[in-house]
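User: Got a minute to walk me through this model? I'd like the plain version, please.

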Amino acid sequence: LDPLTGLANRRGLARYLDSMLRRGQEEVSVLAVDLDLFKQINDRFGHGVGDEALVEVAQALSGSVRAEDLACRLGGDEFMVVLATANPDAGRQRGEQVLGKLAARPWQERHPDVHISVSIGIGAGRLDDWDGVLARADAALYVAKEGGRGRVSGPLSEPSPPAESSLAQSVQR
């Protein structure tokens with residue numbers, strides 16, 4: 001587990017994916033979640049406030065998953081939710097739920113000048129195409145960020161971007 005957030009870490013993610021394969025799970029949806037402007041929060045308000053923001057995001061994510069799903073922190077301000085379904089509507093609904101939970105938190109009462117939002121990219125597909133699912137989630141995450149942050153994008157229907165996506169590299173580290 002990640003010691004700050006209590007979410008699964010990369011090792012926990014690998015174990016979870018192995019257990020999915022053993023159970024015969026064939027399809028997944030991945031929500032690539034990135035805290036918006038996190039470096040600015042740390043630089044302007046300090047790492048303590050940055051850590052609080054990470055914990056807030058982790059709580060919103062963990063409160064939005066079912067028992068068969070997994071929320072994890074990959075590192076820094078990168079999070080992931082793996083859903084045991086490739087239903088694109090389920091991924092989008094879960095992403096919108098996370099955005100709503102973060103918007104409803106009384107963050108402004110504690111830190112009036114800090115705004116927490118996340119961008120979410122959704123990839124869906126077969127578990128045996130894990131790299132492709134990650135690449136699609138990563139591409140959708142960039143679409144969400146370019147669209148103004150604080151939004152959900154995907155799943156994208158166009159072909160996967162090159163396998164050297166930043167999310168795929170991050171998970172493999």
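User: Let me start with L37. Is L37 buried or exposed?

Analyst: Somewhere in between. This is a predicted model, and in it L37 has a relative accessible area of 40%. Buried would need under 20% and exposed over 50%, so L37 counts as partly exposed.

User: Where does L37 sit?

Analyst: In the loop between β1 and α2. The backbone there is worth a look: L37 has a positive phi of about 55 degrees, although it is not a glycine.

User: Which pocket does L37 line?

Analyst: The second largest pocket. Its neighbours in that lining include D36, Q40, I41, R44 and F45, and D113, V114, H115 and S117 are there as well.

User: How much space lies in that pocket?

Analyst: About 160 Å³.

User: And what's the lining like by class?

Analyst: Mixed: 4 nonpolar, 3 polar and 3 charged residues.

User: Back to phi for a second. What about R149?

Analyst: R149 also has a positive phi, near 65 degrees, and isn't a glycine. You'll find R149 in the loop between α6 and β5. Its relative accessibility is 36%, so R149 counts as partly exposed.

User: OK, zoom out. How many helices and strands are there?

Analyst: 7 helices and 5 strands. Starting at the N terminus, the elements go α-β-α-α-β-β-α-α-β-α-β-α. The protein has 173 residues, and 51% of them count as buried.

User: What share of the contacts is long-range in sequence, say 24 or more positions apart?

Analyst: 73%, taking the contacts with a separation of 6 or more as the total.

User: Now the sheet. What's the strand order?

Analyst: β2-β3-β1-β4-β5, in an open sheet with mixed pairing. The edges are β2 and β5: each has a single partner strand, so one side of each has no neighbour in the sheet.

User: How covered is β2?

Analyst: Mostly covered. β2 spans residues 70-75, and 5 of its 6 residues are buried.

User: And how is β2 joined to β3?

Analyst: By 5 bridges, with the two strands running antiparallel. L70 stands opposite V82 in β3, and C72 has M80 as its bridge partner. The two strands make a hairpin with 2 residues between them, where G76 takes a positive phi near 55 degrees.

User: What about β4? Is that enclosed or open?

Analyst: Largely enclosed by the rest of the structure, because 8 of the 9 residues of β4 are buried. On one pairing, 9 bridges join β4 to β1, and those strands run antiparallel. V30, for instance, stands opposite G123 in β4.

User: And β4 with β5?

Analyst: Those two run parallel, joined by 2 bridges. I120 has V152 in β5 as its bridge partner.

User: I120 rings a bell. Which residues have the most contacts inside the largest nonpolar core?

Analyst: I120 is one of them, together with V57, L61, F79 and V118. That core has 27 residues. At least two residues each come from β1, α2, α3, β3, α4 and β4. The element giving the most is α3, with 7 residues.

User: Let's take L61. What does L61 touch?

Analyst: Leaving out residues up to four places away in sequence, L61 touches V33, A71, F79, V81 and V98.

User: How many residues are in the second core?

Analyst: 20, and that core is separate from the largest one. Among them are M20, V28, C72 and V133. You've met C72 already, as the residue paired with M80 in β3.

User: Last one. R94 is an arginine, so is R94 buried or exposed?

Analyst: R94 has 12% relative accessibility, so it counts as buried. R94 lies in helix α4.

User: And which residues does R94 touch?

Analyst: L31, S64, V65, R66, D69 and L83, again not counting residues up to four places away in sequence. D69 and R66 are both on that list, if you want to look at the charged ones.

Technical notes
Residues are numbered from 1 along each chain as its sequence is written. This is a predicted model: local features need pLDDT of at least 70, side-chain atom pairs count only at pLDDT 80 or more; totals for chains, interfaces and linings use all residues. Side-chain values use heavy atoms; hydrogens and water are left out. A nonpolar core is a set of buried Ala, Val, Leu, Ile, Met, Phe, Trp, Tyr and Cys residues joined through side-chain atoms within 4.5 Å. Buried means under 20% relative accessible area, exposed over 50%, partly exposed in between (1.4 Å probe, protein chains only). Helices (H or I, at least four residues) and strands (E, at least two) are DSSP runs, numbered from the N terminus. Contact means heavy atoms within 4.5 Å. On a 1 Å grid over the protein atoms alone, a cavity is a set of points where a 1.4 Å probe fits but cannot get out, and a pocket is an open set with protein on both sides within 12 Å along at least five of seven lines; lining residues have an atom within 4 Å of a point. Grid points are joined across faces, edges and corners, and a volume is the space filled by probe spheres set on the points. Two strands pair if DSSP finds at least two bridges between them.
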